[in-house]
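Okay, thanks for coming, everyone. I'll put the structure up now and walk you through a couple of parts of it.

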There are 2 protein chains.
Amino acid sequence: MTRFRRAAGKARRILRMVGWCLAIGAVVPSGGRAEEGMWTYDNFPSEQVAKKYGFKPDAAWLERVRLASLRLAGGCSGSFVSPNGLVMTNHHCAATCIEELSTAQQNYIESGFLARRPEAELKCPDVELNQLTAIEDVTERVKKATANLSGQQFSDAQKAEFARIEKACADATGLRCDVVNLYQGGLYNLYKYKRYQDVRLVFAPEFRIAFFGGDPDNFNFPRYDLDVTFLRAYDKSQPVKTEHYLPLSPTGPKAGELVFVSGSPGSTSRLFTVAQLEFLRDVVFPESLKRRAELRGVLTQFARQGPEQRRISQETLFGVENSFKAINGQQQALLDREFFGRKVAAEQKLRAAVARDPALERKYGKAWDEIALIEKRYETFYRPYLLVERGAAFNSKLFDIARTLVRAAQERPKPNEKRLREFRDSALPSLTQSLFSEAPIYGDLDEVTLTFSLTKLREYLGTDDPLVRQVLGKESPEEVARRLVQGTKLTNVALRKLLWEGGAAAVAASSDPMIRFAVAVDPAARALRLRYEREIEGPVNQNSELIAQALFAQTGTSVYPDATFSPRLSYGAVEGYEHNGRRVEPFTDMAGAFERATGKDPYALPPSWLAAKDRLNLATPFNFVTTNDIIGGNSGSPVIDSRAQAVGLIFDGNIHSLGGAFGFDAALNRAVAVDSRALIEALRAVYGAGALVDELQPKGRSAFTL
Amino acid sequence: MTRFRRAAGKARRILRMVGWCLAIGAVVPSGGRAEEGMWTYDNFPSEQVAKKYGFKPDAAWLERVRLASLRLAGGCSGSFVSPNGLVMTNHHCAATCIEELSTAQQNYIESGFLARRPEAELKCPDVELNQLTAIEDVTERVKKATANLSGQQFSDAQKAEFARIEKACADATGLRCDVVNLYQGGLYNLYKYKRYQDVRLVFAPEFRIAFFGGDPDNFNFPRYDLDVTFLRAYDKSQPVKTEHYLPLSPTGPKAGELVFVSGSPGSTSRLFTVAQLEFLRDVVFPESLKRRAELRGVLTQFARQGPEQRRISQETLFGVENSFKAINGQQQALLDREFFGRKVAAEQKLRAAVARDPALERKYGKAWDEIALIEKRYETFYRPYLLVERGAAFNSKLFDIARTLVRAAQERPKPNEKRLREFRDSALPSLTQSLFSEAPIYGDLDEVTLTFSLTKLREYLGTDDPLVRQVLGKESPEEVARRLVQGTKLTNVALRKLLWEGGAAAVAASSDPMIRFAVAVDPAARALRLRYEREIEGPVNQNSELIAQALFAQTGTSVYPDATFSPRLSYGAVEGYEHNGRRVEPFTDMAGAFERATGKDPYALPPSWLAAKDRLNLATPFNFVTTNDIIGGNSGSPVIDSRAQAVGLIFDGNIHSLGGAFGFDAALNRAVAVDSRALIEALRAVYGAGALVDELQPKGRSAFTL
């Protein structure tokens with residue numbers, strides 16, 4: 001359901017937790033396989049591609065593909081696939097929308113959805129699409145603002161300069177403007193996105209075929225999933241006209257064929273120091289896996305209590321299962337002593353090279369040990385920080401709303417560049433779209449997850465911790481959660497708007513229990529955040545920058561930066577692999593889905609497919625794998641051939657690709673995609689969606705001219 | 001609820017899984033603190049004690065204490081505390097019995113239990129007590145049987161010799177006879193136990209006070225728990241007369257006082273090689289924690305579905321939580337780089353000493369690398385072995401019964417020494433007591449846990465694994481579990497007896513779905529077990545023995561063997577500790593319990609305590625800590641003063657004691673006990689159990705004469 005999207009969301013959250021988000025660094029391609037690399041659009045190695053595959057993407061090709069590509073602000077990728085604003089992404093990337101549009105009576109997750117007329121297209125409560133229109137280099141400006149500064153001053157000055165640049169750009173252009181830190185401070189680029197916030201649901205298949213094989217097959221191959229959803233971007237209530245789009249290829253890709261993947265990989269950590277990797281392996285991931293495993297158990301049993309419980313928890317459960325599996329895969333890579341040994345050896349090699357040159361040694365030599373010391377300090381308050389301020393804090397949609405309102409009242413009056421980053425002007429459109437979303441919130445589920453996180457708070461900080469005493473008083477976690485969730489009126493969007501607009505006075509006057517709770521825990525949470533930013537994030541960034549510069553000096557621009565949830569292009573080929581001595585072929589077909597089906601979830605085909613079996617060409621290729629270097633966040637990325645046609649749709653990576661967070665293994669890492677032929681065949685033969693097929697393959701429209 | 005008992009059960013299970021159960025090895029005391037050590041009764045360092053504390057336990061004192069001590073065969077310790085067979089142990093050691101005697105109408109877990117007349121004492125369905133009456137050295141006999149053998153032949157010959165020795169002893173004496181491997185094959189002793197199987201419940205407090213503080217306070221201190229249960233051993237329907245017993249001390253222990261703990265610590269692994277510890281840290285514990293965390297979540301939510309679900313799952317849930325916390329504590333020790341570094345350094349030191357002597361090097365030098373290679377091999381089939389044959393296999397009481405019946409039919413016709421060890425003659429009394437127990441089995445709960453383990457089987461082995469395909473066919477895990485649990489008749493004890501007595505023919509003729517299922521999976525499970533025993537257990541034992549001999553040669557008999565769930569005596573003092581810069585005092589008092597109470601579980605005092613508050617002397621010492629070296633399995637051990645009085649009752653260790661599985665830290669490791677004064681005060685003032693108090697402190701009975 002969420003695979004490569006939430007893996008992205010997760011990865012980013014994790015990295016934010018450990019403090020090196022958006023600031024990872026340049027990466028040296030590991031070994032001979034050219035496929036490694038998530039390249040920025042303005043530094044794509046076209047010559048390299050031409051040398052190996054005989055096709056050289058030129059500026060026009062790259063621009064066309066870039067403008068046809070989309071980022072889903074919530075953590076996925078997509079693309080325009082028709083001149084009328086039709087957008088292709090994964091089912092699991094749109095699942096939150098599909099669930100939010102569903103009710104107990106009309107469950108589109110189960111039944112699927114097809115708008116046969118434009119009026120039937122339903123607006124998603126909070127999907128935002130970003131189209132990268134321009135890249136501007138602002139490195140000099142940023143460096144100037146931080147010249148001769150260090151420590152906390154360096155950090156503050158840099159953040160303030162980011163905010164000024166973003167605000168000036170947004171004010172001047174009306175675009176979403178993000179300063180992107182690339183190559184670990186080697187390069188600061190201003191990415192300008194056209195933003196689409198009126199996005200409607202056009203087509204979604206049934207969950208059962210979108211996620212056929214479910215959790216057991218997730219991150220595995222062979223696969224048989226129709227993990228697609230079509231959305232449409234609107235502007236002023238009209239479908240947007242899109243000059244650049246990717247027509248769906250009726251012929252699909254061939255084995256061995258060169259293919260590109262265009263999307264926004266969320267985060268990689270390929271330049272983490274050994275100390276950072278050890279911290280992930282020994283502290284972050286073990287905690288994270290235990291917590292997710294337990295929450296998974298809670299939600300699994302909650303879903304068994306009845307069909308409505310199942311419906312309302314499905315998306316949350318699959319999110320937890322998906323991120324659990326993704327982190328577990330990353331942890332397996334770190335626990336692999338050979339893999340880890342290579343990371344250790346690479347670091348030793350770089351340090352030795354630095355040590356040989358006294359000038360380099362003076363400038364960069366201490367950075368690794370500094371980071372190791374910072375990790376040790378971080379470990380002393382990692383758990384409270386995580387449980388009170390970060391990913392594991394007060395797991396409840398209603399609490400999130402309350403905290404946002406409480407902090408908005410404090411932050412919005414401040415000058416833009418002094419605010420917490422999520423309240424900067426550039427972030428407000430996404431934030432308010434989500435805050436004022438009419439999407440239903442299920443109190444029963446919110447109570448369960450809030451109880452869970454309050455229980456973990458007590459378990460990890462201890463009954464005698466002052467904050468635990470403050471939060472629980474004489475109540476149990478269940479009672480606190482029940483009182484807050486059942487007592488709050490924040491399900492009412494109008495009330496949220498009042499509190500947003502009323503600011504500090506309205507918040508102070510509110511007797512809503514969830515607001516009062518968020519107010520009460522805020523000082524402790526903010527103190528932890530400040531401590532984290534001062535003692536961990538800032539110092540790590542500065543030292544990481546030094547390490548990256550040491551590396552960058554040696555490698556020049558022949559390298560790609562770590563993923564930072566900004567648009568990237570990778571290239572590779574359709575290619576199987578060997579696993580445990582067995583050959584895994586690159587394609588599956590529709591017949592395979594019917595063979596694998598048991599009639600029982602997660603191997604139950606939906607009734608529409610069972611009924612259509614005779615009409616379907618069962619030899620149609622269904623899913624395939626490629627050697628492209630992708631990571632969480634690439635979910636929904638188009639797979640593109642050299643004619644700029646969409647030959648497939650990325651929806652997953654195999655289990656080996658999860659180690660890609662730390663290093664690319666060309667022999668085993670594979671991207672997993674739906675074949676364009678399967679999309680067309682299913683729309684036609686299963687769903688009778690002829691009009692959609694026609695829109696995807698407009699007659700008379702020639703493919704991009706080579 | 002289960003703390004130091006299940007920790008024991010868990011530890012033993014874990015160690016069995018990884019293959020070094022009952023065969024760990026001699027341990028060198030680490031550093032100056034004399035308190036370290038779980039000493040055998042026939043090698044107790046009385047001189048050492050005398051030197052430090054001025055009291056020298058002599059042979060009579062040791063015999064008296066040994067005969068007053070009991071082992072609960074299910075994984076705990078206890079002691080005789082009156083001349084009429086009264087037995088003191090922990091509430092969490094007897095909780096299974098208390099739960100089995102309860103019904104939806106009469107829940108003794110919640111209400112507590114007191115038999116005011118002998119006839120009211122209720123028989124526990126399956127509690128077995130063992131009293132160590134004699135120790136015989138059989139080292140020569142065992143060594144002779146295995147002389148000049150190696151590999152599989154060595155293993156087989158040794159096991160067969162054990163079986164012969166045990167059977168001859170049992171036939172001749174009617175006692176339970178266990179060959180115990182001490183000092184890693186340095187010593188084989190025959191332990192002869194008097195066995196009590198008619199054990200009745202006399203008194204249990206309410207769960208709320210037995211486990212006040214619940215999971216959050218488990219393995220912590222300060223504590224306020226009345227974790228006691230009194231049982232009574234019967235023989236031919238009469239209370240047994242016990243010459244040796246420990247009267248309850250009315251004065252309790254003093255700070256700094258010398259105290260002894262007599263019990264059966266389950267298992268320690270202080271001589272594991274670094275490769276073995278790495279295997280635990282990187283493979284066994286991470287898997288185990290994730291699995292337990294998820295099951296904990298499932299059971300937590302199951303318990304929320306209603307009071308009856310809560311009642312029937314409580315003991316299982318606390319078992320899971322307890323073992324989760326225990327393993328987590330052990331894993332934290334292994335993840336502590338300093339702690340692990342000490343283990344690495346100790347191994348390097350021993351290896352260096354061996355390497356300096358060519359004769360030693362030839363004999364022992366390769367053992368460490370051999371074990372590392374065996375670990376690598378084990379990792380290739382650890383998961384299937386765990387999920388099909390060991391601890392995580394088909395988690396269901398009804399399945400366990402079915403597997404026992406299926407295997408009994410195959411094993412019992414074989415000669416004693418050729419059987420699987422659990423079907424040896426010496427093991428049958430415990431096995432049949434459990435198999436024919438009338439304790440209720442709750443189908444709803446069994447379905448939930450069986451579903452869980454079938455889901456994990458598919459998740460870890462993969463949907464395409466042949467055994468997974470065989471087990472699930474076209475069904476989902478839920479469906480298989482439902483069909484088996486709802487279809488089986490094995491809840492009927494008479495049917496179990498028929499199948500037991502009918503043997504292979506009866507099993508072959510049975511159409512019971514659980515029996516058929518157990519028959520179907522047995523070949524795969526047995527193959528994994530055989531592979532484990534041949535490729536892992538045997539070779540590891542042989543190499544561990546070499547390492548232990550290398551060590552033993554250097555240290556002589558001044559050392560104690562690793563714990564093997566056989567009776568041991570430790571000594572220490574009542575003493576607080578420093579933690580995170582804060583002093584933790586050694587005693588708590590009853591007033592503290594009332595201060596800590598919130599009225600909400602797990603901090604709710606039972607009504608009886610609230611009503612008795614004015615009658616209670618709130619200054620009564622409640623719990624205390626000592627420096628004794630204990631581990632899981634010691635639950636229920638008496639804390640004994642030099643006059644052979646029980647001054648307390650062990651029920652837990654602090655969080656630091658969990659690392660005691662791998663090494664003893666005298667500064668931080670603490671045993672946690674109930675003060676004898678609290679036992680007397682509560683019995684008198686809360687429960688009005690004057691007769692019981694009188695029995696515990698018989699007038700005219702003088703304490704053991706010094």
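So, between chain B and chain A there are 18 residue pairs in polar contact, counting pairs with both residues at pLDDT 80 or more. And yes, that pLDDT is there since this is a predicted model, so keep that in mind throughout.

Let's stay with the two chains for a bit. Salt bridges between chain B and chain A come to 14. If you want one to look for on the screen, try Glu459(A) with Arg296(B): their closest N and O atoms sit 3.0 Å apart.

Which parts of chain B touch chain A? The elements giving two or more residues to that side are helices H9 (214–217), H10 (274–303), H11 (307–335), H17 (443–461), H19 (477–487) and H22 (590–596) of chain B. The biggest giver is H10(B), with 12 residues. And what kinds of residues are on that side of chain B? We've got 24 charged, 10 polar and 11 nonpolar.

Now the extent of it. Each chain puts in 45 residues: 45 from chain B and 45 from chain A. Together they bury about 3700 Å², and 45% of that is on carbon and sulfur atoms. On the chain B side, the residues losing the most area to chain A are Lys290(B), Gln301(B) and Lys474(B), which together make up 15% of what that side buries.

Okay, switching to a sheet in chain B. As a quick reminder, strands of a sheet pair through backbone hydrogen bonds, either parallel or antiparallel. Here we have an open sheet of 7 strands in chain B, paired antiparallel, and the order goes E15-E13-E20-E21-E22-E19-E18. At the edges you'll find E15 (568–573) and E18 (587–589) of chain B, each pairing on one side only. From one strand to the next, the twist averages 30°.

Let's zoom in on one pairing. Strand E13 of chain B, residues 258–263, runs antiparallel to strand E20 of chain B, residues 638–640, and 2 bridges join them. Take Val261(B): its bridge partner in E20(B) is Val639(B).

Last thing, the helices on this sheet. Helix H3 of chain B, residues 59–68, lies across E13, E15 and E20 of chain B, at about 110° to E15(B). Then there's helix H24 of chain B, residues 676–686, which packs on the sheet and touches E18, E19 (621–626), E21 (646–653) and E22 (671–675) of chain B. The direction of H24(B) makes about 35° with that of E22(B).

Notes: Residues are numbered from 1 along each chain as its sequence is written. Chains are lettered from A and ligands numbered from 1 in the order in which they are written. This is a predicted model: local features need pLDDT of at least 70, side-chain atom pairs count only at pLDDT 80 or more; totals for chains, interfaces and linings use all residues. Side-chain values use heavy atoms; hydrogens and water are left out. Two strands pair if DSSP finds at least two bridges between them. Helices (H or I, at least four residues) and strands (E, at least two) are DSSP runs, numbered from the N terminus. Axes are lines fitted to C-alpha atoms, for helices over the stretch in contact, and angles run from 0 to 180 degrees between N-to-C directions. Contact means heavy atoms within 4.5 Å. Buried area is the accessible area (1.4 Å probe) that two parts lose on being put together, summed over both. A salt bridge is a side-chain nitrogen of Lys or Arg within 4 Å of a carboxyl oxygen of Asp or Glu. A polar contact is a pair of N or O atoms within 3.5 Å; within protein, one must be able to donate a hydrogen and the other to accept it, and residues adjacent in sequence count only if both atoms are side-chain atoms. Ala, Val, Leu, Ile, Met, Phe, Trp, Tyr, Cys and Pro count as nonpolar, Asp, Glu, Lys and Arg as charged, and the others, Gly among them, as polar.
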